[in-house]
Each structure stands twice: as C-alpha cells, then as structure tokens.
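Me: I'd like a quick walk through this one. Can you take me from the overall fold down to single residues?

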Amino acid sequence: MSIKNRNKGLAAIFLMGCILLGGYVFITFFLEPSKDTKRARTEVRISSESLVSSFLVDERSANTSYVEKTIEVQGIVREITFLNDRYTVFLHGGDELACLMCDMQADQLEQVKDLKPGQKVLLKGVCKGFLMDAILLNCVLINTNQ
C-alpha cells in the first residue's frame, strides 16, 4: 500500500469520525425529547458565575454534577438574541470569554422580550454541558426582580 493511499484511508476514517460526532451532538442537543421545565423539580440552585466556573475548573466533575439536571440559575443578563423565533439569553459567567447560554422555550417570547442587559434574572432550564459556554436548554424565566 502506498503512502498516498494510506493517507486517503486515514482521511476517510477521520471524516467518518467527524460525521458521527456531529450527528451525536445534533441528536443530543437538538432532537432529544425536552423536559417540561416549568413543571420539572429543581435539582440544583446556583449562580451563573458559579456554574460557568465549575465547568472551567473541572469539566468532568461539573458534567457529573449538572448535566441533564434541572437547574435554577441566577445571573445578570449579558446579551439577548432572537433567531429562528427563539430567544437566547446569555448570562455573565464571571469570565470574559465564557458565559451561560440559556435557550428559552418558545412560550417565553412575551416574558423575555422586555429583558435588558445588566438586569438580574432567575431562570430555570436543563443543563446540557459546556462547549465554549455553559448551556441550558428549555429555559423559562422565573423572576426578574432579583
């Protein structure tokens, strides 16, 4: 087998691995049945800064403690985006590069549209882990008067 054919084989294996990993991430984060966050029992209460810090310090331990758990998180709004009829609220994470990304449930449009950067909020969502930011999905706004 020539080196050229060997490199093509390795490239094909690498490409298949990337496709499988991408499929896994897509299914895990976007197609998994969602919890009814409003009714789900809160398993953890934490600040956005503490949650992000936990992942930055020891991601493996944080995954064990928070992933797939319903979390109430208190934090300060850093930014709000609206894309594909969904709001995403970014909370300060105590680190310039990382924050807490809270993907809001579709029924939260009216509550979220009035939020402003710098406002203190209490949100509830399901933790999915850490990719450059900590991620909560299916979030609902609990309180804006923290």
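What follows is a short chat about the fold, the core, the ring pairs and a few single residues.

Reply: Sure. This is a predicted model, where local features need pLDDT of at least 70, side-chain atom pairs count only at pLDDT 80 or more, and totals for chains, interfaces and linings use all residues. Residues are numbered from 1 along each chain as its sequence is written, and side-chain values use heavy atoms, with hydrogens and water left out.

Me: How many helices and strands are there?

Reply: Four helices and six strands. These are DSSP runs numbered from the N terminus: helices are H or I with at least four residues, strands are E with at least two. The order from the N terminus is α-β-α-α-β-β-β-α-β-β.

Me: And how much of the protein is buried?

Reply: Buried residues are 37% of the 146. Buried means under 20% relative accessible area, exposed means over 50%, and partly exposed is in between (1.4 Å probe, protein chains only). The accessible surface is about 9,100 Å², with 57% of that on carbon and sulfur atoms. Those areas come from the Shrake-Rupley method with a 1.4 Å probe, and for residues only the protein chains shown count as cover.

Me: What is in the largest nonpolar core?

Reply: It has 27 residues. Such a core is a set of buried Ala, Val, Leu, Ile, Met, Phe, Trp, Tyr and Cys residues joined through side-chain atoms within 4.5 Å. Those with the most contacts inside it are Tyr66, Val89, Leu91, Leu100, Cys102, Met104 and Leu123. Elements giving two or more residues to this core include helix 2 (48-57), helix 3 (59-66), strand 3 (86-92) and strand 4 (99-104). In soluble globular proteins, nonpolar side chains tend to be buried together.

Me: Pick Leu123. What is in contact with leucine 123?

Reply: Setting aside neighbours within four places in sequence, the list includes Ile71, Val73, Val89, Leu91, Cys102, Met104, Val140 and Ile142. Contact means heavy atoms within 4.5 Å.

Me: Now strand 4. Which strands does it pair with?

Reply: Strand 3 and strand 4 run antiparallel, joined by five bridges. Strand 4 and strand 6 are parallel, with four bridges. Strands pair if DSSP finds at least two bridges between them. Histidine 92 stands opposite cysteine 99 in strand 4. Leucine 100 faces alanine 134 in strand 6. Five of the six residues in strand 4 are buried.

Me: Which polar residue of that strand has a side-chain partner?

Reply: Aspartate 103, which sits in strand 4. A polar contact of 2.9 Å joins the side chains of aspartate 103 and arginine 86. That term means N or O atoms within 3.5 Å; within protein, one must be able to donate a hydrogen and the other to accept it, and residues adjacent in sequence count only if both atoms are side-chain atoms.

Me: Why does aspartate 103 count as buried?

Reply: Because its relative accessibility is 17%.

Me: Switching to aromatics. How many pairs?

Reply: Three aromatic pairs. Rings of Phe, Tyr and Trp (its six-membered ring) pair if their centres lie within 6.5 Å; planes under 30 degrees apart are stacked, over 60 edge-to-face, and the rest tilted. Phenylalanine 55 and tyrosine 66 have ring centres 6.2 Å apart and planes at 45 degrees, so that pair is tilted. Phenylalanine 55 is in helix 2 and tyrosine 66 in helix 3, 11 residues apart. Both residues are buried. Phenylalanine 82 and tyrosine 87 are also tilted, with centres 4.7 Å apart and planes at 50 degrees.

Me: Which residues do ring pairs link into a cluster?

Reply: Phe55, Tyr66 and Phe130.

Me: Last topic. Where do the positive phi values sit?

Reply: Glycine 94 has a phi near 80 degrees, in the hairpin of strand 3 and strand 4, which has six residues between the strands. Aspartate 85 has a phi near 60 degrees and lies in the loop between strand 2 and strand 3. Asparagine 138, in strand 6, has a phi near 55 degrees.

Me: Are those last two buried or exposed?

Reply: Aspartate 85 counts as exposed, at 57% relative accessibility. Asparagine 138 is buried, with a relative accessible area of 15%.
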